[in-house]
Amino acid sequence: MPGNLLLNSPHLLQKISLSPVMLRLMQEALKPEPDFAVMAETIRLDPALATTVLNLVNSAFYGLPQKVTDLHRAALVLGSREILKMAVSMTLHKDLENGFPECHYDFYPDWRLIVWSSIAAELIAARLCPERADQAYLCCLLKDVSLLFLRCAAQDLLPEPDQGDRITVLANGQLEREAEAWGLHHAALSQLLLARWGIPLEMCESIRFHHDVDGLTGHPPLTQAVVLATQWSEMELGHAEGPYNVVRFEGLLRSVLGMTEREVDSLRAECLRRFRSMLQALGIGEGDADCAYYQHSVKAMQGYCFLSMDLLTATGGLLSVAQILGKHIRLNWDARSWEAALKSPHRETFRLFRLTADGRLERSEERHPWGKIPWTLRSPGLEIESGGQRLGELRLGEANLPAEELENLRLYLRFFGQGFEHYCARQAVLEEKALAFDKIPIGVARLDCTGHVVAANGKLAEYLNLTESANGRAFGELLANRLPVETVAEFDAFAADSARAQFGKIDYLLGPGPDGAVRDSAFYFSAHRQEDASGPCILALLEDLRGLSEVEVRTLSRKNFLERLISSMHELVLTVDGRSLVTFCSRQDLGLVGKPFFTAFQPTESCVEAWSPCLLTAECPNHVEAVLHRDGGEELAFEFSFAPLGGPARVQPGQGGANPRECLVVGRDLTHIRRLEAKLKVRAMLDGLTGLYNHYQFHTTLEREVTRARRTGRGMGLVFCDLDKFKNVNDEKGHLAGDQVLRRMGTLLLHVVRQGMDFPCRYGGDEFAVIVTEVDAGRVSAIGQRVLDDVREQFAGMVSVSVGATLMREKDTPQSLLGRADRLAYRAKSAGGDALVME
């Protein structure tokens, strides 16, 4: 459901509306000078809210020397705006917690993130834009309101309905999945929702970009404060992707705010003090505080980060990793005996390392599954993990570490875990690839485009009787050690002719082997010209043909390789026997082997009649589309083609005829195509820049509403808007600034219109139109005047607007109504612009 249509659903809007108390408090909070009488009256409507506000006023959050017993005194001491922020925070918390009794959702993890980010935004804005610190607080309080309300009121509309708690933590690919489902991501959805509740445009823009860390420097100070505070909350509360990012973020904070390390520490301490006081006033615990990084100093985290960097240079397998671990805990915690289980890269097994009392590092020769590791130490284990993946465990022989030192050791192991994960993903893979490259039973060399060796494996050196490294040498000269002169000359000619794609030749020869003994040999030599990331290259292969007699013996061992090769294909590959049972599937996670093919997959409506086992035997079967329904509700769509496999049909004992042969079934994944179709539907309706209806949809809607108005006899009108001085913005400030003006104009029109009754559209370029229904001349004129007034207020003269407004007449067609509104706007522009002409 596109975002604009989602927000135009009256049923959904009713469910996700804020309470009247919250709306009144927000209206006061947005005023330049809040009215204390209105604020106090609103707060007193909820006695529990007044009590909670006074509890927070008297908490350590503010550290007042004397107890405050009434709201009037609190406002005198702290100011009306501070009291308003407290009331808005607590009312939103109450609306979410009590407004959806049927929603089984733990708000507290997300609310902790909201509280930290709101307090942090205010403190950061106090340095970047002091006059807007209160707005920064409200922006972070409301930035994820769309996600929170949808989670409670319409969970099925979320891209991942089964998502658990902490929905405000940005997951990888989340914004893209939301855009596919709604036509826009949750930040833009919050922006549109808040615009309808009267939040100023500048605050809405900050909310729209609150995850845009990459574009931080291009945003105004208020948006920078909101972006930094959003990231800071995820970092400090332990939801970042590894502790390295926490240290990096502290550096970013110092750079943007122009602060020293000590000043950032003070800012962090103040944020933590207020965070804990606010949670206490709201009756919320700190949750799993052990996972939170705010328990530790920035200096300690930096130190452990630098220590874990040693893993980036580790070469020598898990033994070198264990040696680094032992060195660190020996120097920092004086650990003289320990055991550590470390996960093997690419395997779910662990190797045990042990430092004995006499200082020897021992390694178990076997790898063990988790739960069957032969520990000798019985002390409590300290987990080594990263990103939720178990990577090992450390046990100390001395169990008398002070509590503070034990917490520091746990923090170090979090950094060590992420460093170990990087090691497994990079260095270990390189080592295994190098080992596998040397063990390939074929001589392999990668050459540059001139025929010089870039890399070669050990088997090639064996075949060519090489005693020194082949790297950097001309490959033709190396071939001359073993192959005939004619073959070397033919290869040199191939290397010199870039138009030839490949070369191959079989040579039989008699000559000395590596041991000096004379032996007969047969080699198949081939070379293939390729293009890779580093540019054009040549792949040379040298195979000893004397091993051909062993091919059949190795067939079964190669079966696994072929299966892995097929599983890497984008298509789904299956084999189906004569009984329609799946005998092979390239994707093991689907669990299809042994299941009836025509039961596991269900045909689409257009393919129901063709869906039968006859497809397995048809001479030229058509492509058939079918869907696989997975557990959890996920649907996978495929377009299948069928081809009988070779070989005779098999006769089963006791049966007169032969069963049909096995069939190869190849399914093309249509998921991407379906998503593309959904995107195209959204783009066909909405303007990508402003979120308004586009030019095509404008004409469709105008024709529909003219027909409806003529049938029902109810009035309708058209307001046509043409921006003045927009070309100057593009010429003087650039097209990005122009795009920003158009986006703000779109948000302004969404704020002006009535939901479900008026249709704001981008007609083209800097021209906009609003189709208004069930109106009279006075209402049409009022809407046009409001657009004019709001543009004056929001853009402060940077641009203005010429507005033409007209009511539909008895003999009007869509074209005549549009033409009249356009002419009226032109008259307004000809008179100097910044005017409304109504007729």
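**Exercise 1.** In this predicted model, determine in which helix A489 is placed, and whether A489 counts as buried, partly exposed or exposed.

*Solution.* Step 1: A489 has its place in helix α23, which covers residues 485-496. Step 2: the relative accessibility of A489 is 45%. Step 3: buried requires under 20% and exposed requires over 50%; A489, at 45%, therefore counts as partly exposed. Step 4: for the spatial setting, take G476, which is 13 residues from A489 in sequence; the two C-alpha atoms are 7.8 Å apart.

**Exercise 2.** Characterise the packing of helix α7 against helix α9 by axis distance and crossing angle, and state which residues make the contact.

*Solution.* Step 1: two packed helices are described by the distance between their axes and the angle between those axes. Step 2: the axes of α7 (residues 80-98) and α9 (residues 133-142) come within 11 Å, and their crossing angle is roughly 0 degrees. Step 3: angles under 35 degrees count as roughly parallel, so α7 is roughly parallel to α9. Step 4: helix α7 contributes R81, K85, V88, S89 and L92 to the contact, while α9 contributes D134, Y137, L138, L141 and L142. Step 5: sorted by class, the contact comprises six nonpolar residues, three charged residues and one polar residue.

**Exercise 3.** Establish whether S233 is buried or exposed, and identify what its side chain reaches.

*Solution.* Step 1: S233 belongs to helix α14, residues 221-236. Step 2: its relative accessible area is 2%; since the limit for buried is under 20%, S233 is buried. Step 3: the side chain of S233 reaches the backbone oxygen of T230, at 2.8 Å. Step 4: once neighbours within four places in sequence are set aside, the contacts of S233 are L113, W116 and S117.

**Exercise 4.** Locate V21 among the helices and find which residues it contacts beyond its sequence neighbours.

*Solution.* Step 1: V21 is found in helix α3, residues 20-29. Step 2: excluding neighbours within four places in sequence, V21 is in contact with T42, L49 and T91. Step 3: T91 lies 70 residues from V21 along the chain, yet their C-alpha atoms are separated by 7.6 Å.

**Exercise 5.** Summarise the protein chain as a whole: how many helices and strands are there, and what share of its residues is buried?

*Solution.* Step 1: the chain contains 31 helices and 21 strands. Step 2: of its 839 residues, 47% count as buried. Step 3: among contacts between residues at least 6 apart in sequence, 58% join residues at least 24 apart. Step 4: the accessible surface is about 41,000 Å², and 52% of that belongs to carbon and sulfur atoms.

How values were computed. Residues numbered from 1 in each chain as written. Predicted model: local features only at pLDDT ≥ 70, side-chain atom pairs only at ≥ 80, totals over all residues. Heavy atoms only, no water. Helix = DSSP H or I, 4+ residues; strand = E, 2+ residues; numbered from the N terminus. Buried < 20%, exposed > 50% of the residue type's maximum accessible area, 1.4 Å probe, protein only. Axes fitted to C-alpha atoms, helices over the stretch in contact; angles between N-to-C directions. Parallel < 35°, antiparallel > 145°, perpendicular 65-115°, else oblique. Contact = heavy atoms within 4.5 Å. Nonpolar A, V, L, I, M, F, W, Y, C, P; charged D, E, K, R; others polar. Polar contact = N/O pair within 3.5 Å; in protein donor to acceptor, adjacent residues only side chain to side chain. Areas by Shrake-Rupley, 256 points an atom, 1.4 Å probe, with all protein chains shown as cover.
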